[in-house]
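I pulled up this model today to sort out its strands. My plan was to jot down who pairs with whom, and then look at some side chains.

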Amino acid sequence: MSDATQDHVEEQRFVRDDWYGEEITGRHYLRCEFHEVDFSEAVTRNSTFTDCVFGNVRFNASRHTDSAFTGCSFKRCNFFDAEFTGCKLVGASFSECELRPLRVTGGDWSFAGLAGADLRSVAFHSVRMREADLAGANCADAVFADVDLSGAVLHAVKLARADLRGSDLSALDPVNAELAGAIVSPEQAAVLVTSLGLHVRA
């Protein structure tokens, strides 16, 4: 272990540290950099990472509860079997990351940058994702249940066979998305039909 036990850490750089299975509770990291750090099976609770950079970090099977990763940048990170519950990732960006399978329950991922991400079969439940960037993301077979996607960037998003029930789809343009086999509620279907300029009459 290195400085993982400090409660408040600012502008430090961690390289190839082994935080496997680390219990990270009530800690605060500001403008820190993590490169090739092993967070596999680590657990964070009520911890904050603000404007931090994560490069080639392994989050495999990690569990995060009521933690925040606001404004953080993730590049070439692995989130295999990771879980986020009640976490805040507002403004976080993901580039060339392995995000499958990922499970997110609750929390706020507004303005998150997930453009072009491979999100096949991931699960988002009751998550706020206002104005998140999902342009070109592959969300086939994913679950977006009761997710607030208002204002999200959904151009060329792939949602084949995705379960979208209960989610705000007001920002979705059916003409510029792949929706074959997607599951929606009757109310959502009405929103999509309206966005196509159609009028449903009995």
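Below are my notes on the strand pairing, kept in the order I looked things up.

Entry one. I kept in mind throughout that this is a predicted model. I started with an open sheet and found five strands in it, ordered S2-S5-S8-S10-S12, with parallel pairing. Which strands stand at the edges? I got S2 (13-15) and S12 (93-95); each has a single partner strand, so one side of each is left without a neighbour in the sheet. I also looked up the twist, which averages 10° from one strand to the next.

Reminder to self: strands of a sheet pair through backbone hydrogen bonds, either parallel or antiparallel.

Entry two. I checked S10 (residues 73-75) against S12: three bridges join them, and they run parallel. Across that pairing, I noted Phe 74 opposite Phe 94 in S12.

Entry three. I moved on to S11 (residues 82-85). How many bridges join S9 (residues 63-65) to S11? I found three, with the two strands running parallel. For S11 and S13 (residues 102-105) I found four bridges, again parallel.

I then followed Thr 85 through both pairings. Thr 85 in S11 is the bridge partner of Thr 65, and Thr 105 in S13 is the bridge partner of Thr 85.

Entry four. Which side chains of S11 are buried, and which are not? I saw an alternation along the strand: Ala 82 and Phe 84 point to one face and are buried. Glu 83 and Thr 85 point to the other face and are not buried. My cut-off for buried was under 20% relative accessible area.

Definitions and conventions. Residues numbered from 1 in each chain as written. Predicted model: local features only at pLDDT ≥ 70, side-chain atom pairs only at ≥ 80, totals over all residues. Heavy atoms only, no water. Pairing = 2+ DSSP bridges. Axes fitted to C-alpha atoms, helices over the stretch in contact; angles between N-to-C directions. Buried < 20%, exposed > 50% of the residue type's maximum accessible area, 1.4 Å probe, protein only.
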